[in-house]
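Time to open the notebook and look up a few aromatic contacts and a surface patch. Here is the model I worked from.

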Amino acid sequence: MPRSLRIAIPALVILVWLVVASVGGPFFGRISEVSTNDQTSFLPASADATAVQDRSSAFRDASGAPAIVVLERDGGLTSADTAAADRIAEALGDRDDVDQVSPVIPSRDGDAVEVVATLTASAETGDAVAAIRADVDDALPDGLRGYVTGPAGFTADLTEAFAGIDGLLLGVALLAVLVILIVVYRSPLLPFLVLATAVFALTASILVVWALAKAGVVTVNGQVQGILSILVIGAATDYALLYTSRYREALRDHRTGWDATKAALRGSLEPIIASGGTVIVGVLCLLLSDLNSNKALGPVAAIGIAFSVLAALTLLPALLLCFRRAAFWPLRPAFGSAHPVLTGPDARGLWARVGRLVGRRSRLVWIVCTVGLLAMSTGLLGLRADGVPQSDLVIGQSQARDGQTVLADHFPGGSGSPALVLGDADRIDRLADAVTGVDGVDGVTAAAKDAPSGTTPVGADAAGTTTGTATGAPAADPTVSRGQVLLEATLADPADSAAAERTVRQLRTAVERVDPGARVGGVTATAIDTNDTGIRDRTLIIPVVLGVILLILMLLLRSIVTPLVLIGSVIVSFAAALGVGALVFDHLFHFPGADPSVPLFSFVFLVALGVDYNIFLMTRVREETLRHGPREGVLRGLGATGGVITSAGVVLAATFAALGVIPILFLVQIAFVVAFGVLLDTVVVRSLLVPALVLDLGRRAWWPSRLSRRPRDM
């Protein structure tokens, strides 16, 4: 190829990526514009609670989430406190972002009052609640405590917790990766080239995701946003490390950087594309989920991985071609220099010692590793992954959580967050009787467009007890739409409590006896449906992911036995990581439990990314086996990839661990399980268990490919 083209091609590649970065760079800080942390972004798509929410606007004036202002003074409210409450209610009514305001409602014990302010449909919940909290604080007399809670309060706290995603999370992740790369390569330049590859991949990903979210094609929330950044930084760095390793080897065998680049691309193209394709297929399996939050992550993560692969196979080769051997300074690989000895008595270094251990005691090594992993897996017996209360989603200080506790001390726990019953208008009296007949229901009223939502029921006293009719039917004239009415049932327990969930499940049974088509929604019902759907999703998606990845490995390795070994090792590794995670969550951090999606997301990331290391290792083992036979092939493959896989694992673990800086329970748990699992996978499974097991199987590991039929010494 002419020298001019050898210069023009990498220059053009770098120029294209620079243009992408210049266009996409500003969108780093704008992804939040198209991100929402409202409850709708997490709802189960086809659940009863979602259907009720979709229909609720027909029965009530269109409005946003209710914010509940609760004021409390030990020993009883004073006249000054009551006056302050009246001023707060009046000020709320004057706000442009508030649609409806209830009267000031005193508690029976005289120690507290509450005001329910329903936000407008167009209000930015986080900003509105922050402003209301500031106004409440300014209006409080000395000794009177005030809180803004309710659905709007919890959404605001969640939004505030996610606020660090654009800056803090990315900064911590990039700094961790940079430090690790400097330690690994001991080069002042190469770490920045690798990191630039990851950052450019993330820039392109964010640009495309922003455009798709703006057009309404994909949904982005804080959860999706945070995982996208971490996934792209970690995966792009992993693929870059694999290519860099191949390029460094090629520089020893080729005089020119162009020839070394071609050789490195030949050696790394298949494993990088196969690894990236495996992760893409794995995350796209999340489209089978019925949870909007899970479903949203699938295509967004796939876009991120696609750009990670593209950057590692285009931008990084172009950058390294520009710098050639200088990129590795001061440890530059000289042309014609000997490759490191990978096996035999002359081999030196950590991986030579690991290879000798595996070679001498292969059966003992894989048995000990398997027993150890299974022992760690016993922690699964204590795993509680059936959901956590909304009040526990944010780790650390939460005014909404504190306010909910105060509210439950003085009012019916479900005040402001009623259960919603959608049913036949002709059966309204019987439906109301069924609702009030359920233990745990404190009152019921019918929704009407001229009545504030979430207030004390019409015809009810301050405690929420329905009065007025002998049958318990709502006293207000209901709004009727399509022959249906919407009843609002105030629960005795906090909406996110286990007691409230039991009440809503009983409520569903009771109203279905009266009206088989009746549906129950609301905050509590949404939590129930979300958790139930999450459990259903992981039961469905985990086997699908395993099956799809198994097929990919069979096609890639031209074998049945080895892919089964690799999938088995991944399952055991995941079980061990989640088992240790369950023990840590329960006994060290004392978490209240876990979301059902924590095992699902941990599995998808650990299996898909863990298979990356399987592919890195076994494609090299297969390559060496074709030249040197099964035994030597395993040991050479281990020696050649041990360093790069370990480095990649440490980088990926560090990037996922960075998720822990965001004080969201779900993300902290994902961060621990994935980070620990990746390290376990790297240090134990890929370094000891898999090589020892494949070595013990010998040629049988490659059945039915022709490698299984080669002579023993080949």
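I checked burial, and both Phe-601 and Phe-605 are buried (under 20% relative accessible area; exposed is over 50%, partly exposed in between, with a 1.4 Å probe and protein chains only). The model is predicted: local features need pLDDT of at least 70 and side-chain atom pairs 80 or more, while totals for chains, interfaces and linings use all residues. Residues are numbered from 1 along each chain as its sequence is written, and side-chain values use heavy atoms, leaving out hydrogens and water.

Next I turned to the second partner of Phe-605. Its ring centre is 5.6 Å from that of Phe-656 with the planes at 45°, so I noted the pair as tilted (rings of Phe, Tyr and Trp, the last by its six-membered ring, pair with centres within 6.5 Å; planes under 30 degrees apart are stacked, over 60 edge-to-face, the rest tilted). Phe-605 sits in helix 19 and Phe-656 in helix 20 (residues 630-657), so this pair ties together parts 51 residues apart in sequence. Helices here are DSSP runs of H or I, at least four residues, numbered from the N terminus. Phe-656 is buried as well.

I then counted aromatic pairs and found 11 in the structure. One of them is Phe-601 with Phe-605, edge-to-face at 6.1 Å centre to centre and 75° between the planes. These two are four residues apart in helix 19 (residues 597-628), so about one helical turn separates them.

Which residues do ring pairs link into a cluster? I listed Phe-585, Phe-589, Phe-591, Phe-672 and Phe-676.

Last lookup: Val-16 lies in helix 1 (residues 3-24), and I logged this valine as partly exposed because its relative accessibility is 46%.
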